[in-house]
Each structure stands twice: as C-alpha cells, then as structure tokens.
Amino acid sequence: MKMGLPSADLLQAQMLHYLRPYYVLNFSTFALFGYARWLLANDMLPRTPEEEVWYSDLVGADLSGVSRESQIWLCYVLILVTRLLRYGDFQSLVSSALLFAKAAIFASLFIADWYLPFYFVGIWVVLFLFTSEPSFETPRRKFVKMDKKKMFDVVFQSVDESKEQAQVYWFINVWASWQKSGASKKFNPMFAEMSARYSNDFCKFTKIDAGRLGGQQIVKKLKIDDSALSKHMPSMVLFKNGKEIQRLPVIGRSDVSYLHEYTLEQIEKHFNLPKIAAETKKQTEARRDALRKRSAESKKTK
C-alpha cells in the first residue's frame, strides 16, 4: 500500500505519535521498573530472610540452568514475535509490548518482593482510567468532526435533491479504540490517506469510535457486528442523501476479511472512489466559482 507520504514526513509523524502522553507515561513505568530492579540487585531495599529466599528464586538458575526472571522475559519476547508475525505492523507490536511487559514486570517483581508489584498496578490503573491509546494517522488527514446528533441530522437524514446537502458523499470509518487485535488501528492510516487524496466540498470523510459516547447507536443504525471476534469492525460505509450506497466488509458474505487486509487500491475500486472524486471535484470547483462571483458582485454593490 502506498501511503503517499515522503519517508521523512512519515518518520516525523511516527516520532510525534509515540511522544504522546499515553506512551511517555507507560514507558516511564518501565523505566521505574528498571530502577526498582536495580535497587533489588544492589540490596538497597530492606528484605526479610523469607524475602531474600524469594529474590534468590528469581535470579537463581533452576534445573534448566536459566533463572526464572530470564524465563519470564524470554516468554515475553516469544509472545511479541508471535504477535508480529500474526498482525505484521509496528503499531500492533507497540500495543502488545506495552500490554505484555506489564504482565512480565508484575511476575518478576512478585517473585522477588510480593508487595512491590502492587505499586505498579496502582499506577497502571490510574493510567488506564485517565489515558487511552491513540491511533496513528498520517498528518494530511482531512476529517469532518461528527458526533451522534450530527450523524443522524446530516449523514443519515434524507433531504430534497435540489439542496446541496443531498449531493454530498459521506465516507464513514466505524472503528473501535478498544480493539486489541489492532484491526482498527491498522486501517486508520489508510482511511486518513484516502481523506487526504479525495476530500472536497462534496466528498467528505468522518470517523466514529464505537466505544465512545453515542457510538453504539451509530453501530446499531448501520447494523455492524462489533463483537470481539467480528471481522466487521472496522467498517467503511458510504452514504449519500441519507441512503447507504456501499460498504466494506459486506454484510452476509462468507468470505469476509478484515478491512485492513484489503489494499488501498482494492478499497478505492470497491467504492468507485476515483470516479466519485472526479465528479465531486467538478462540483466543488463550480461551487467555489459561484461563491467567488457572488463575493465580487457584493463588493461592487458596496
């Protein structure tokens, strides 16, 4: 898939993405784990004789000749490799690394000092309540911000054909921030690229998070199966004048694939995007010419 961005711009966008508070705070807890592990290794935390035995169990080798700590982190690496082979993108790898690193940290510290990992659990609970993992998107995206009310009043509402609103194509990306498989997060950059290529006054793109307030009503309206194992999340739906024209994945098909498994070219062909873009581009130019003429005429009359 060609994303249409220079590599330097894309690299800069990725760097800025991983400097967001969610990632900075989570990676900070891993640095805190490193500090706690250093304190344990240098006997700088008070330990009872029983806790000393626990620490020896952590760093001491078993019959296999490998310490329990090494076994924990080896399992962690194997899980990440498996996730990378299965999902194949960096965003999903980072998400998995954050999730499973917490489990590895808890297990390592629990063996060494049973009360210590619960401090980390407290920090992670606070982060979970007050931050959420952002999705990566190309910096050229052009989305129309929508809430539930606007969706029902503008996109799902049919109006007289003579009105301008009736001529607008709406491409909707219904995704889920809670989706751990990474399917939504993989498709988001593709949808952002399409919005950057084709967005104009009569061809508009918007996103709806099924997990946010009002998202469930829109999911029900569009009859999208948002269960954990469903391949219909995310879905891309095309509306015009309150009527659904096309969608992907298609409901009722037995050969459904995740949306991100299609190439950008396949999605564009399915929705006939180049033709719609050419048609709406002409409409946009005509509309803007008319607005310029009105503006010039109004200036003359003043």
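Over the ring of which residue does the charged end of Lys221 sit? The ring belongs to Phe156, and the charged end of Lys221 lies 5.6 Å from its centre. This is a predicted model. A second lysine makes a similar kind of contact with a ring: the charged end of Lys207 sits over Trp175, 4.6 Å from the ring centre.

Turn now to the sheet. It is open and has 4 strands, in the order E2-E1-E3-E4, with mixed pairing. E2 and E4 (243–248) stand at the edges. Each has a single partner strand, so one side of each is left without a neighbour in the sheet. From one strand to the next, the twist averages 25°.

Take the pairings in turn. Strands of a sheet pair through backbone hydrogen bonds, either parallel or antiparallel. E1 and E2 pair in the parallel sense, over 7 bridges. Here Tyr169 stands opposite Cys203 in E2. E1 (residues 169–175) and E3 (residues 235–240) run antiparallel, joined by 6 bridges. Asn173 stands opposite Met236 in E3.

Helices lie across these strands. Helix H7 (residues 148–155) lies across E1, E2 and E3, and runs at about 150° to E1. Helix H11 (residues 273–301) also lies across E1, E2 and E3, running at about 135° to E1.

What of E2, the edge strand? Of its 7 residues, 6 are buried, so E2 is largely enclosed by the rest of the structure. Asp209 is found in this strand (residues 203–209). Asp209 is buried, because its relative accessible area is 10% and buried means under 20%. Leaving aside neighbours within four places in sequence, Asp209 is in contact with Trp175, Ala176, Ser177 and Gly215.

Aromatic rings come next. The count comes to 17 aromatic pairs. In one of them, Phe33 and Trp73 are tilted, 5.9 Å centre to centre with 40° between the planes. Phe33 lies in helix H2 (residues 21–41) and Trp73 in helix H4 (residues 68–87), so the pair ties together parts 40 residues apart in sequence. Phe33 is buried, at 11% relative accessible area. Trp73 is partly exposed, at 23%.

Phe106 and Phe110 form a stacked pair, 5.8 Å centre to centre with 15° between the planes. They are 4 residues apart in helix H5 (residues 90–112), so about one helical turn separates them. Phe106 is partly exposed at 28% relative accessibility. Phe110 is partly exposed too, at 41%.

Ring pairs also build a cluster. It links Phe143, Phe171, Phe187, Phe191, Phe205 and Phe271.

How values were computed: Residues numbered from 1 in each chain as written. Predicted model: local features only at pLDDT ≥ 70, side-chain atom pairs only at ≥ 80, totals over all residues. Heavy atoms only, no water. Helix = DSSP H or I, 4+ residues; strand = E, 2+ residues; numbered from the N terminus. Buried < 20%, exposed > 50% of the residue type's maximum accessible area, 1.4 Å probe, protein only. Contact = heavy atoms within 4.5 Å. Pairing = 2+ DSSP bridges. Axes fitted to C-alpha atoms, helices over the stretch in contact; angles between N-to-C directions. Phe/Tyr/Trp six-rings, centres within 6.5 Å; stacked < 30°, edge-to-face > 60°. Lys NZ or Arg CZ within 6 Å of the ring centre and 35° of its normal.
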